[in-house]
Amino acid sequence: MDAFRALRAELPAGVTLVAVSKTKPVEDIQALYDLGQRDFGENYVQELLEKQPLLPGDIRWHFIGHLQSNKVKYIAPFVYLIHGVDSLSLLKEIHKQGAKHDRVIDCLLQVHIAAEETKFGFDRDELAPALDHAFANARLRGLMGMASNSLDRMLVREEFLGLAELYRQYRRPDWDTLSMGMSADYGIAVECGSTMVRIGSLLFGSR
Ligand SMILES: *Cc1c(COP(=O)(O)O)cnc(C)c1O
């Protein structure tokens, strides 16, 4: 896995690599695990539930997709970090399921930063009211966002800088995670202050 080694060498020490393994077989995940990778990201609850029991127990599973409230209960026993929290009702449900399993589940609020309409997340002006609420078993650790799927690097940079600014503005003492950057744009994201990149196709090949 030359791409993995190159990426590990390239990412600064403070940036966590989440290997996004959606649609990829467990063998591919195990291969990266054997090279030392522990953080893996999945987008679909059903797929995650099929893979998780077949792989080592010390993998940190990140849920990075759009999560429906009625599916939280399936991943609550083991999920490490839920990136895409885009509503208060979802956060409340994560809290409820966390309490049921006697866990504190770490979460990131997803912020809508892209010019496209299709991406989920809180709008900038919805963020402050959302942060007024605290849930003991769903602990916020920071923010997550996806830039426009665009070759316009200036636009992508502006979007990431905007998210980094919101992160600084709203940062709480226990926040340590700004999840931004994918295969096509992680370099820009890291320059803009990302602490966690979510990389799939660059590591595992195209889907
Ligand atoms: C699929 C996905 C990624 C990884 O995308 P690549 O372009 O394959 O690196 C990152 N974040 C989210 C939210 C995704 O859905």
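These legends describe close-up views of a predicted model. Local features need pLDDT of at least 70, side-chain atom pairs count only at pLDDT 80 or more, and totals for chains, interfaces and linings use all residues. Residues are numbered from 1 along each chain as its sequence is written, and side-chain values use heavy atoms, with hydrogens and water left out.

**View 1. The shell around the ligand holds 13 residues.** Lys22, Asn43, Ser183, Ser201 and Arg207 are the closest. A residue belongs to this shell if one of its heavy atoms lies within 4 Å of the ligand. By type, the shell splits into 6 nonpolar, 4 polar and 3 charged residues. Here Ala, Val, Leu, Ile, Met, Phe, Trp, Tyr, Cys and Pro count as nonpolar; Asp, Glu, Lys and Arg count as charged; the others, Gly among them, count as polar.

**View 2. Polar side-chain atoms of Lys22, Ser183 and Arg207 approach ligand oxygen atoms.** A polar contact is a pair of N or O atoms within 3.5 Å; within protein, one must be able to donate a hydrogen and the other to accept it, and residues adjacent in sequence count only if both atoms are side-chain atoms. For Ser183, an N or O atom of the side chain is 2.5 Å from a ligand oxygen. For Lys22, the distance from a polar side-chain atom to a ligand oxygen is 2.8 Å. Arg207 also places a polar side-chain atom 2.8 Å from an oxygen atom of the ligand. Taken alone, the ligand exposes 390 Å², and the protein buries 91% of that. These areas come from the Shrake-Rupley method with a 1.4 Å probe; for residues, only the protein chains shown count as cover.

**View 3. The ligand occupies the largest pocket.** A pocket is found on a 1 Å grid over the protein atoms alone, as an open set of points where a 1.4 Å probe fits, with protein on both sides within 12 Å along at least five of seven lines. A molecule sits in a pocket if more than half of its atoms lie within 2 Å of the grid points.

**View 4. Ala6 and Leu202 lie in helices α1 and α9.** Helix α1 spans residues 2-10, and helix α9 spans residues 201-204. Helices (H or I, at least four residues) and strands (E, at least two) are DSSP runs, numbered from the N terminus. Ala6 is partly exposed, at 46% relative accessibility. Leu202 is also partly exposed, at 37%. Buried means under 20% relative accessible area, exposed over 50%, and partly exposed in between (1.4 Å probe, protein chains only). The C-alpha atoms of Ala6 and Leu203 are 9.9 Å apart, with these positions 197 residues apart along the chain. For Leu202 and Leu7, 195 residues apart along the chain, the C-alpha separation is 9.0 Å.

**View 5. Thr23 and Asp102 have positive phi angles without being glycines.** Phi is about 70° at Thr23 and near 55° at Asp102. Thr23 belongs to the loop between β1 (16-20) and α2 (26-34). Asp102 belongs to the loop between α5 (88-100) and β5 (105-111). Asp102 is exposed, with 70% relative accessible area. Lys100, in helix α5, is exposed as well, at 59%. Its C-alpha atom is 33 Å from that of Leu32, 68 residues away along the chain.

**View 6. Ser194 is buried in a loop.** The loop runs between α8 (186-191) and β8 (196-199). Relative accessible area at Ser194 is 5%. A polar atom of the Ser194 side chain lies 3.4 Å from the backbone oxygen of Leu178.

**View 7. The Glu126 side chain meets the backbone nitrogen of Asp123.** The distance from a polar atom of that side chain to the nitrogen is 2.8 Å. Glu126 sits in helix α6 (residues 124-130) and is partly exposed, at 38%. The C-alpha atoms of Glu126 and Val197, 71 residues apart along the chain, are separated by 24 Å.

Methods: On a 1 Å grid over the protein atoms alone, a cavity is a set of points where a 1.4 Å probe fits but cannot get out, and a pocket is an open set with protein on both sides within 12 Å along at least five of seven lines; lining residues have an atom within 4 Å of a point.
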